[in-house]
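Colleague: Before these assignments are accepted, I should like to hear the reasoning behind them. Please take me through the terms one by one.

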Amino acid sequence: MTEVGAQRLNYKQGELILCFHPQAHQSSVIKKYATFQSKPTALKLGRCLSDQMNIWKATFDYLTIDDNLFMQALLEDPQIVVAQRNHFLKRRSIEPNDPLFSDQWQWINMGERGIADADVDAEEAWSLATGGVTRLGDTIVVAVIDVGVDYMHEDLADNIWVNHAEIPGNRIDDDENGYVDDVRGWNVLLENDDITPELFAGGVPQTHGTEILGMVGAVGNNGIGLVGINWNVKLMNVFFNTDLNEADMIAAYGYILAQRQIYNETNGEKGAFVVASNLSYGDEDLSPEDSPIWCAVYDSLGQQGIISCTAT
Ligand SMILES: [Ca+2]
Ligand SMILES: [Ca+2]
Ligand SMILES: [Ca+2]
Ligand SMILES: [Ca+2]
């Protein structure tokens, strides 16, 4: 066999991993394959990788021996349970190029804040998924109930959910979800889709909603600002103000529930595939007995497939 460029191979040439039967005589097996197709194999047993499983590393002369045929012969040997190549593994971690990522110790903490690795192991999750669309083709939506958001923000705009089934400003509930002109989400106080941030006294906009959205889904790997735990996601905004009461909050959840339930019932033709919701508000003096309806709302959300996160 000729030597193949190492960069094209995903395994170590000349190495095999062999799992022997429990009663096998390893040395006699190795001796049996001293030659293969009349050529010397230089087959040698290397390190025992697991005594319990009887797995060993082995080496052979891959320049002389056809490795495919040789492995096939080993696989068919009654003393060997299974033989395979020794593949290289990739580090299962992805890190984005966003400039402020190194400040976000909650994702990966190298010890710059508190204890190293006191983080959510974001890089390991990102090696599997960074948001976007599910395997079945559903666009992932996360709903946030908060005090409005800077939805034109350069690091959020691409991830803001928009209800494309609704025609804006015609005072008609085009998608028949019970909410008129709900293009950018829903404002439970004004009963329209105004999600611009509430103003503090003096006209300063609240930033809490924008911050929460950044955590959930600031656009990742775009070379700008921060990175959200989801790099690519649709962020549905439901607005209330800081004087929120329970009734307003239930109305906010009502919008989220409606969108997901309609999505489920129409097989994705209408509504939104909301998988999670966030509410950064609560009251430490309330108990579940005081608020049975609030509690039940979470059951209803869960039944439709929504995980809810709150700061109660
Ligand atoms: Ca970690
Ligand atoms: Ca509507
Ligand atoms: Ca409309
Ligand atoms: Ca970014």
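**Reasoning behind the assignments**

Modeller: Y179 and D182 are both buried. Please bear in mind that this is a predicted model.

Colleague: What part do Y179 and D182 play at the calcium ion (ligand 2)?

Modeller: Both supply donors: Y179 through O and D182 through OD. The other donors come from E166 (OE), D173 (OD), D175 (OD) and N177 (OD1), and the distances run from 2.2 to 2.4 Å. Along the chain the donors are spaced as E-x6-D-x1-D-x1-N-x1-Y-x2-D.

Colleague: Why is the site of the calcium ion (ligand 2) called irregular?

Modeller: There are 6 donor atoms, with angles of 77 to 161° among them. Six donors count as octahedral if opposite donors are over 155 degrees apart and all others between 65 and 115; anything else is irregular. The site of the calcium ion (ligand 2) is accordingly classed as irregular.

Colleague: Which residues coordinate the calcium ion (ligand 1)?

Modeller: The calcium ion (ligand 1) is coordinated by OD atoms of D117, D119 and D121, with D119 listed twice, at 2.1 to 2.7 Å. The spacing of these donors is D-x1-D-x1-D.

Colleague: What makes D119 buried?

Modeller: Buried means under 20% relative accessible area. D119 has 19% relative accessibility, and therefore counts as buried. D121, by contrast, stands at 27% and so counts as partly exposed.

Colleague: How do you know that R184 is partly exposed?

Modeller: Partly exposed lies between under 20% and over 50%. R184 has 27% relative accessibility, so it belongs to that class. R184 sits in the loop between strand 7 (141–146) and strand 8 (185–187), and among its contacts are Y151, W161 and D193.

Colleague: How many aromatic pairs are there, and why is that of W107 and W126 called edge-to-face?

Modeller: The count comes to 12 aromatic pairs. For W107 and W126 the ring centres are 6.5 Å apart and the planes stand at 75°. Rings pair if their centres lie within 6.5 Å, and planes over 60 degrees apart count as edge-to-face, so the pair of W107 and W126 is edge-to-face. W107 is in the loop between strand 6 (80–87) and helix 3 (122–126), W126 in helix 3, 19 residues apart. At 6% relative accessibility W107 counts as buried, and W126 likewise at 2%.

Colleague: What kind of aromatic pair do Y179 and Y255 form?

Modeller: Y179 and Y255 form an edge-to-face pair, with 4.7 Å from centre to centre and 85° between the planes. The pair links distant parts of the chain, with Y255 in helix 5 (residues 246–265).

Technical notes. Residues are numbered from 1 along each chain as its sequence is written. Chains are lettered from A and ligands numbered from 1 in the order in which they are written. This is a predicted model: local features need pLDDT of at least 70, side-chain atom pairs count only at pLDDT 80 or more; totals for chains, interfaces and linings use all residues. Side-chain values use heavy atoms; hydrogens and water are left out. Helices (H or I, at least four residues) and strands (E, at least two) are DSSP runs, numbered from the N terminus. Buried means under 20% relative accessible area, exposed over 50%, partly exposed in between (1.4 Å probe, protein chains only). Contact means heavy atoms within 4.5 Å. Donors are N, O and S atoms within 2.8 Å of the metal (3.2 Å for Na, K and Ca); water is not among the atoms, so sites may look incomplete. Four donors count as tetrahedral if all angles lie between 85 and 135 degrees; four count as square planar and six as octahedral if opposite donors are over 155 degrees apart and all others between 65 and 115; anything else is irregular. Rings of Phe, Tyr and Trp (its six-membered ring) pair if their centres lie within 6.5 Å; planes under 30 degrees apart count as stacked, over 60 as edge-to-face and the rest as tilted. Lists of a residue's contacts leave out its neighbours within four places in sequence.
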